[in-house]
Amino acid sequence: MTDQEFDILDELYFVVSYAELQSKLGLPEPELREALRGLISMNYIKCLYPDQDTEVPFDPDHFEREGHAYYFLASKEGLLSHNSR
């Protein structure tokens, strides 16, 4: 896990919107999206859309178009990995 991915997981103990995450971390959008894709591929975070209560499977095309409207939450695997570092 990269330092960037670790920092993202650090923010996802509770549901956080894409905009909040970007604001808190100050990452450029392409870097944030790439790091999120990596965490999603490892099953470390859950994607929530169109609201913070609806989990959706990751769809790269939809994420590219609507990623700014997503919410995220660390998964159990993500929390375990984050806490073991």
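In which sense do strand 2 and strand 3 pair, and over how many bridges? Keep that in mind as you open the structure, which is a predicted model.

**Stop one: the sheet.** Select residues 45-48, which make up strand 2, and then strand 3 at 55-56. The two strands pair in the antiparallel sense, over two bridges. To see one such pairing, click on L48 and look for its bridge partner in strand 3, E55. Now bring in the rest of the sheet: four strands, open, in the order 1-4-2-3, with antiparallel pairing. Strand 1 (16-17) and strand 3 are at the edges and have a single partner strand each, so one side of each has no neighbour in the sheet.

**Stop two: helix 3.** Next, select residues 29-41. This helix lies across strand 2 and strand 4 (71-74), and makes an angle of about 110° with strand 2. If you like, check its length: 13 residues at 1.5 Å a residue should span 18 Å, and the end C-alpha atoms of helix 3 are indeed 18 Å apart.

Show the side chains of L32, R33, A35, L36, L39 and I40, then add G38; these are the buried residues of helix 3. They pack against strand 2 and strand 4, and also against helix 1 (3-11), helix 2 (18-25) and helix 4 (60-66). Just past the end of helix 3, pause at N43, where phi is positive, about 60°.

**Stop three: S81.** Finish in helix 5 (residues 76-83), where you will find S81. Is S81 buried or exposed? Its relative accessibility is 17%, so S81 counts as buried. Leaving aside residues up to four places away in sequence, S81 touches M1 and Y44.

Notes
Residues are numbered from 1 along each chain as its sequence is written. This is a predicted model: local features need pLDDT of at least 70, side-chain atom pairs count only at pLDDT 80 or more; totals for chains, interfaces and linings use all residues. Side-chain values use heavy atoms; hydrogens and water are left out. Two strands pair if DSSP finds at least two bridges between them. Contact means heavy atoms within 4.5 Å. Axes are lines fitted to C-alpha atoms, for helices over the stretch in contact, and angles run from 0 to 180 degrees between N-to-C directions. The expected span of a helix is 1.5 Å times one less than its number of residues. Buried means under 20% relative accessible area, exposed over 50%, partly exposed in between (1.4 Å probe, protein chains only).
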